[in-house]
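Please open the model in your viewer and keep the sequence panel beside it, since the tour moves between the two. Each stop suggests a selection and then says what is found there.

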Amino acid sequence: MSRALPKYNKRRVGIIGGAAAVALTGAIVAGSALAGETSKNSTTTQATTKAAVPTVNCPAVANRLPAIPASAKAEVDRNLALLNTQIAEANKRIVDTQGQGGPNFIQNAITGPLKDKRVATINRIATAIGRTAAKPVGLDALAPCTLNAAGVAAPAATPTQQAGGNTGNTGNAGNNGNTGNAGNTGNAGNAGNNGGAGTISCPDVASKLPAIPASAQAEVTRNLALLNTQIAEANTRLVNTVGQGGPNFVQNAITGPLKDKRVATINRIATAIGRTAAKPTGLDSLAACTFTK
């Protein structure tokens, strides 16, 4: 009996040791699985956070158009495609600038400039149709866009029959809603900006125009006055947004949109003159303005 006891002790030690090894192996496997699940969840969370940004939602334009004359179809299709491109660029910019600026950054730097671009593009569509058919009215109401909540997919782009780029800001005739700014034929408004915020200076347009036909004088005067108003508004915005955004805020939110507005306004001036005289060319080079701190 004294010899059997050591054998029993050896067997018990072996069983206990094997059980411990199994438990340790199970703990390692469980720990590895848990570590893998945590990493996966972390990656998913990071991806979700990165994707949780708002998207631009713009009214469709194509389904609001009347019958398009064959002579205008290529230009209309090109500008409808450009509207889609503008939306895609705005959504990309929201992602690329996430966390930048203050609470109004997206409005100031993205959706505001997008509206200005859409106004010019929609006007080109209406003008193209209006050359050989009744010009559609009220399309400017489709220019402003809203933001979908973070993480909500943007609506599908309006299908167009021809994709392409913008071949130039041509034909902005008939956008005659800017009334009331008469009486100022010079490109004034480049006054100093109080408060040390800097100032915006733009090339003079009036001095670069040819002789203005009497039939175009009222429209030209109105749009020259509008150029002054645009500069004054931009300078006021400089003061009101001092300290906002990053180093490119002024370019993105003020001088860039101002250039787009000036292109459309200058094209209206050229078109008005061109109805009864030689249409002036090269005026688009006067659209860009400079910012001086």
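Helices here are DSSP runs of H or I with at least four residues, and they are numbered from the N terminus. With that in mind, select Ala 232, which lies in helix α4. The model is a predicted one, and in it Ala 232 is partly exposed, with a relative accessible area of 37%. Add Ile 200 to the selection: the two residues are 32 apart in sequence, and their C-alpha atoms are 8.7 Å apart in space.

Before going further, colour the whole protein by secondary structure, which comes to five helices and four strands. Read from the N terminus on, the elements follow the order α-β-α-α-β-β-α-α-β. Of the 293 residues of the protein, 36% count as buried. Among contacts with a separation of 6 or more, 81% are between residues 24 or more positions apart.

Return now to helix α4, residues 214-240, and select Gln 230 within it. Is Gln 230 buried or exposed? Its relative accessible area is 7%, and because the cut-off for buried is under 20%, Gln 230 counts as buried. Show the residues in contact with Gln 230, leaving aside neighbours within four places in sequence, and you will find Leu 258, Lys 261, Arg 262 and Thr 265.

Next, select helix α5, residues 249-274. This helix has 26 residues and reaches 37 Å from its first C-alpha to its last, which is close to the 38 Å expected at 1.5 Å a residue. Where does α5 bend? The bend, of about 30°, is at Thr 255, and a proline, Pro 257, follows within four residues. Helix α5 is also mostly covered, with 19 of its 26 residues buried.

From α5, turn to the pockets. The largest pocket holds about 620 Å³ of space. To find this pocket, select Gly 112, Lys 115, Asp 116, Val 119 and Lys 261, which are the closest to its centre of the 29 residues that line it. The elements that give two or more residues to this lining are α3 (105-130), α4 and α5. Lys 261 has already appeared on this tour as one of the contacts of Gln 230. Coloured by class, the lining of the largest pocket divides into twelve nonpolar, nine polar and eight charged residues.

The second largest pocket has a volume of about 220 Å³. Of the 14 residues that line this pocket, those closest to its centre are Arg 93, Ala 109, Pro 113, Lys 117 and Asn 252. Helices α2 (73-96), α3 and α5 each supply at least two residues of the lining, which by class has six nonpolar, four polar and four charged residues.

For the last stop, select Arg 93 in helix α2. Arg 93 is partly exposed, with a relative accessible area of 25%. Leaving aside neighbours within four places in sequence, Arg 93 is in contact with Ala 109, Ile 110 and Asn 252; of these, Ala 109 and Asn 252 are also among the residues closest to the centre of the second largest pocket. If you draw a line between the C-alpha atoms of Arg 93 and Ile 110, which are 17 residues apart along the chain, the separation is 7.4 Å.

Definitions and conventions: Residues are numbered from 1 along each chain as its sequence is written. This is a predicted model: local features need pLDDT of at least 70, side-chain atom pairs count only at pLDDT 80 or more; totals for chains, interfaces and linings use all residues. Side-chain values use heavy atoms; hydrogens and water are left out. The expected span of a helix is 1.5 Å times one less than its number of residues. The bend at a residue is the angle between axes fitted to the seven residues ending there and the seven starting there. Buried means under 20% relative accessible area, exposed over 50%, partly exposed in between (1.4 Å probe, protein chains only). Contact means heavy atoms within 4.5 Å. On a 1 Å grid over the protein atoms alone, a cavity is a set of points where a 1.4 Å probe fits but cannot get out, and a pocket is an open set with protein on both sides within 12 Å along at least five of seven lines; lining residues have an atom within 4 Å of a point. Grid points are joined across faces, edges and corners, and a volume is the space filled by probe spheres set on the points. Ala, Val, Leu, Ile, Met, Phe, Trp, Tyr, Cys and Pro count as nonpolar, Asp, Glu, Lys and Arg as charged, and the others, Gly among them, as polar.
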